[in-house]
Amino acid sequence: MRGLLTLKDLSTEKIMELLRYAMKLKRGFRIQYPDKKIATLFFENSTRTQYSFQCALMNLGIKVVDFDTQLSSIAKGESLYDTVRTFEALGVDGVVIRHSKDEYFKELETIKIPIFNGGDGKSNHPTQSLLDLMTIYEEFGKFDGLKCCIIGDISHSRVAHTNIEVMKRLGMDVYISGPEEYNDHCAKWIPIDEAVETMDVVMLLRVQFERHQEKMKISVEEYHEKYGMTVDRMNKMKENAIIMHPAPINRGVEIADEVAECPKSRIYKQMTNGVYVRMAVISDALDGNL
């Protein structure tokens with residue numbers, strides 16, 4: 001399969017190449033593919049990822065084939081493979097897929113057109129991680145030696161799992177924090193108040209209520225007090241430290257409303273960078289390099 005399914009498939013050199021390409025596109029470099037068309041297949045709700053991909057495609061002059069699961073043969077029991085195989089037969093030049101199943105792409109190994117993973121289950125979110133890395137690199141000009149703590153619903157987060165793996169490979173020191181019941185021990189755990197005082201990057205995660213089999217053991221107010229980025233915690237951060245969040249954000253839960261757009265916040269810059277990262281990934285794949 002071509003495209004981008006997981007960052008584990010990419011060397012750190014290739015990751016840096018994609019980041020440099022995305023930054024080049026952000027500076028104004030233009031490349032167009034007016035004869036190409038790509039389908040977006042989102043089996044889970046999405047705003048940022050879905051429409052960021054669509055903006056990236058339009059910026060590249062690519063026609064977007066928007067797939068509506070509720071009006072498709074999925075409702076009749078059609079499999080993911082047959083759906084993707086259908087779009088391949090219709091002549092699209094690639095597909096963007098988000099799906100609730102971990103590593104859904106293993107069912108699509110015979111598909112020849114590029115597949116761009118918009119998130120699978122709790123496992124991978126490669127373009128989100130790339131846009132996070134781009135945001136960090138623009139801020140600090142390096143990865144090696146930087147300290148990042150990812151705070152919140154670690155066990156349900158494909159963002160956390162993708163970022164932790166690639167950040168470690170790039171030389172970052174990665175920690176996790178948050179409620180113990182969401183700790184899957186994929187990195188060293190530290191208390192949140194230690195994290196906010198010592199980290200270069202504090203990355204908050206949305207509490208994924210829709211993935212919980214049981215209700216949270218604490219109220220949202222208590223969660224915010226114990227594990228959220230309050231104004232008081234923001235004020236204790238290092239001078240040049242930044243706040244990140246993959247969004248959507250639960251204001252007043254994992255992050256205070258006053259903090260979401262404070263000078264340390266890079267949340268909306270992450271969204272902007274997502275368009276350029278996705279342009280870079282799509283362009284690289286259509287040129288046969290990914």
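In this predicted model, the largest nonpolar core is made up of 55 residues. Leu-19, Leu-130, Leu-133, Ile-150 and Ile-282 have the most contacts inside this core. Ile-282 offers a handy place to start looking: leaving aside residues up to four places away in sequence, Ile-282 touches Ile-38, Phe-53, Ala-56, Leu-57, Leu-60, Ile-62 and Phe-116. Another core, of 23 residues, lies apart from the largest one and includes Ile-190, Ala-195, Ala-247 and Ile-267. As general background, nonpolar side chains in soluble globular proteins tend to be buried together.

Two of the residues touched by Ile-282, namely Ile-38 and Phe-116, lead naturally to the sheet. Ile-38 falls within strand β2, which spans residues 37-42, and Phe-116 belongs to β5. The sheet itself is open and is formed by 5 strands with parallel pairing, in the order β1-β5-β4-β2-β3. At its edges stand β1 (3-4) and β3 (63-66); each has a single partner strand, so one side of each is left without a neighbour in the sheet. In general, the strands of a sheet pair through backbone hydrogen bonds, in either a parallel or an antiparallel sense.

The pairings can be followed across the sheet, beginning at the β1 edge. Strand β1 runs parallel to β5 and is joined to it by 2 bridges, with Leu-4 standing opposite Phe-116 of β5. Phe-116 is thus a convenient residue to find on screen, since besides facing Leu-4 it is also touched by Ile-282. Strand β5 covers residues 115-120, and 6 of its 6 residues are buried. On to the next pair: β5 and β4 are linked in the parallel sense over 4 bridges, and here Val-95 has Ile-115 of β5 as its bridge partner. Strand β4 (residues 95-99) pairs in turn with β2, again in the parallel sense and over 4 bridges. Within this pairing, Leu-41 is matched with Ile-97 of β4.

A closer look at helix α1, residues 12-26, brings Glu-13 into view. Is Glu-13 buried or exposed? Its relative accessible area is 56%, and because exposed means over 50%, Glu-13 counts as exposed. The side chain of Glu-13 makes a polar contact with the side chain of Thr-12, at 3.4 Å. Glu-13 can also be located relative to a residue far along the chain: 157 residues separate it from Leu-170 in sequence, while their C-alpha atoms are 9.6 Å apart in space.

Key. Residues are numbered from 1 along each chain as its sequence is written. This is a predicted model: local features need pLDDT of at least 70, side-chain atom pairs count only at pLDDT 80 or more; totals for chains, interfaces and linings use all residues. Side-chain values use heavy atoms; hydrogens and water are left out. Two strands pair if DSSP finds at least two bridges between them. A nonpolar core is a set of buried Ala, Val, Leu, Ile, Met, Phe, Trp, Tyr and Cys residues joined through side-chain atoms within 4.5 Å. Buried means under 20% relative accessible area, exposed over 50%, partly exposed in between (1.4 Å probe, protein chains only). Contact means heavy atoms within 4.5 Å. A polar contact is a pair of N or O atoms within 3.5 Å; within protein, one must be able to donate a hydrogen and the other to accept it, and residues adjacent in sequence count only if both atoms are side-chain atoms.
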